[in-house]
Number of protein chains: 2
Amino acid sequence: MSVSTYTVTGMTCGHCVSSVKEEVAEVPGVTEVDVDLASGRVDVSGASPDDAAIRAAIREAGYEVAV
Amino acid sequence: MSVSTYTVTGMTCGHCVSSVKEEVAEVPGVTEVDVDLASGRVDVSGASPDDAAIRAAIREAGYEVAV
């Protein structure tokens, strides 16, 4: 189990948080997604989920990964 | 058919717009809901839908009616 942290820009409300959570949760290996709206911090827990797939999922939800 | 205009505060993104549209569209008599995110303007068309029910639907979606 590992936790990877991303900074996501463009989220403005709880609906945005839900969208990111739902998309990232679908990435194979992801077991938990924590999102802090105010800071844009997204913590992804799982059994080594693919970094590129997580970034793609965030973009798919309609947001940008800053870090 | 009439059109009533409301000013809604708190909408920050397209998800918010969708939430308001969905809730208001469920009010009996409502046939069309147009929302402008930037201004918060919500135009509700229909066969005399109940004003109080529309305001309640907007609050139910999680937003405030300013006017």
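In this predicted model, the span of residues 2-66 of chain A is 35% helix and 35% strand, and its end C-alpha atoms lie 20 Å apart. These residues are the ones that UniProt lists, in an unreviewed entry, for "domain: HMA".

The strands of chain A make a convenient place to start. They form an open sheet of four strands in the order β2-β3-β1-β4, with antiparallel pairing. Strands β2 and β4 of chain A stand at the edges with a single partner strand each, so one side of each is left without a neighbour in the sheet. Helix α1 of chain A, residues 14-25, packs on the sheet and touches β2 and β3 of chain A. The direction of α1 makes about 160° with that of β2(A). Helix α2(A) also packs on the sheet, where β1, β3 and β4 of chain A are touched; the direction of α2(A) makes about 30° with that of β1(A). Strand β3 of chain A is thus touched by α1 and also by α2.

The pairing can be followed strand by strand. Strand β2 of chain A, residues 30-36, runs antiparallel to β3(A), and six bridges join the two. Within this pair, A:Val33 has A:Val44 of β3(A) as its bridge partner. The hairpin of β2(A) and β3(A) has four residues between the strands, and here A:Gly40 takes a positive phi near 80°.

On to the next pair: strand β1 of chain A, residues 2-9, is matched with β3(A) over six bridges, again in the antiparallel sense. A:Ser4 has A:Val44 of β3(A) as its bridge partner. A:Val44 therefore appears as a bridge partner of A:Val33 and of A:Ser4, in keeping with the place of β3 between β2 and β1 in the strand order. In general, strands of a sheet pair through backbone hydrogen bonds, either parallel or antiparallel. At the far end of the order, β1(A) is joined by two bridges to strand β4 of chain A, residues 64-65, and these strands run antiparallel as well. The bridge partner of A:Val8 in β4(A) is A:Val65.

A backbone detail worth a look concerns a serine. A:Ser48 is not a glycine, yet its phi is positive, at about 50°. This residue is found in the loop between β3 (41-46) and α2 (51-61) of chain A. A:Ser48 is exposed, having a relative accessible area of 63%. Chain B offers a counterpart: B:Ser48 has a positive phi of about 50° although it is not a glycine, and its place is in the loop between β3 (41-46) and α2 (51-61) of chain B. B:Ser48 is exposed too, with a relative accessible area of 64%.

Finally, the arrangement of the two chains. Chain A is superposed on chain B by a rotation of 179° with 0.0 Å of shift along its axis, at an RMSD of 0.0 Å. The two copies are thus related as by a two-fold rotation axis. The same surface serves both copies, in that 100% of the contact residues of chain A recur in chain B.

How values were computed. Residues are numbered from 1 along each chain as its sequence is written. Chains are lettered from A and ligands numbered from 1 in the order in which they are written. This is a predicted model: local features need pLDDT of at least 70, side-chain atom pairs count only at pLDDT 80 or more; totals for chains, interfaces and linings use all residues. Side-chain values use heavy atoms; hydrogens and water are left out. Copies are superposed by least squares on the C-alpha atoms of residues with pLDDT of at least 70 in both. Contact means heavy atoms within 4.5 Å. UniProt positions are given in the numbering used here, feature names are shortened, and annotations may be inferred rather than shown by experiment. Buried means under 20% relative accessible area, exposed over 50%, partly exposed in between (1.4 Å probe, protein chains only). Two strands pair if DSSP finds at least two bridges between them. Axes are lines fitted to C-alpha atoms, for helices over the stretch in contact, and angles run from 0 to 180 degrees between N-to-C directions.
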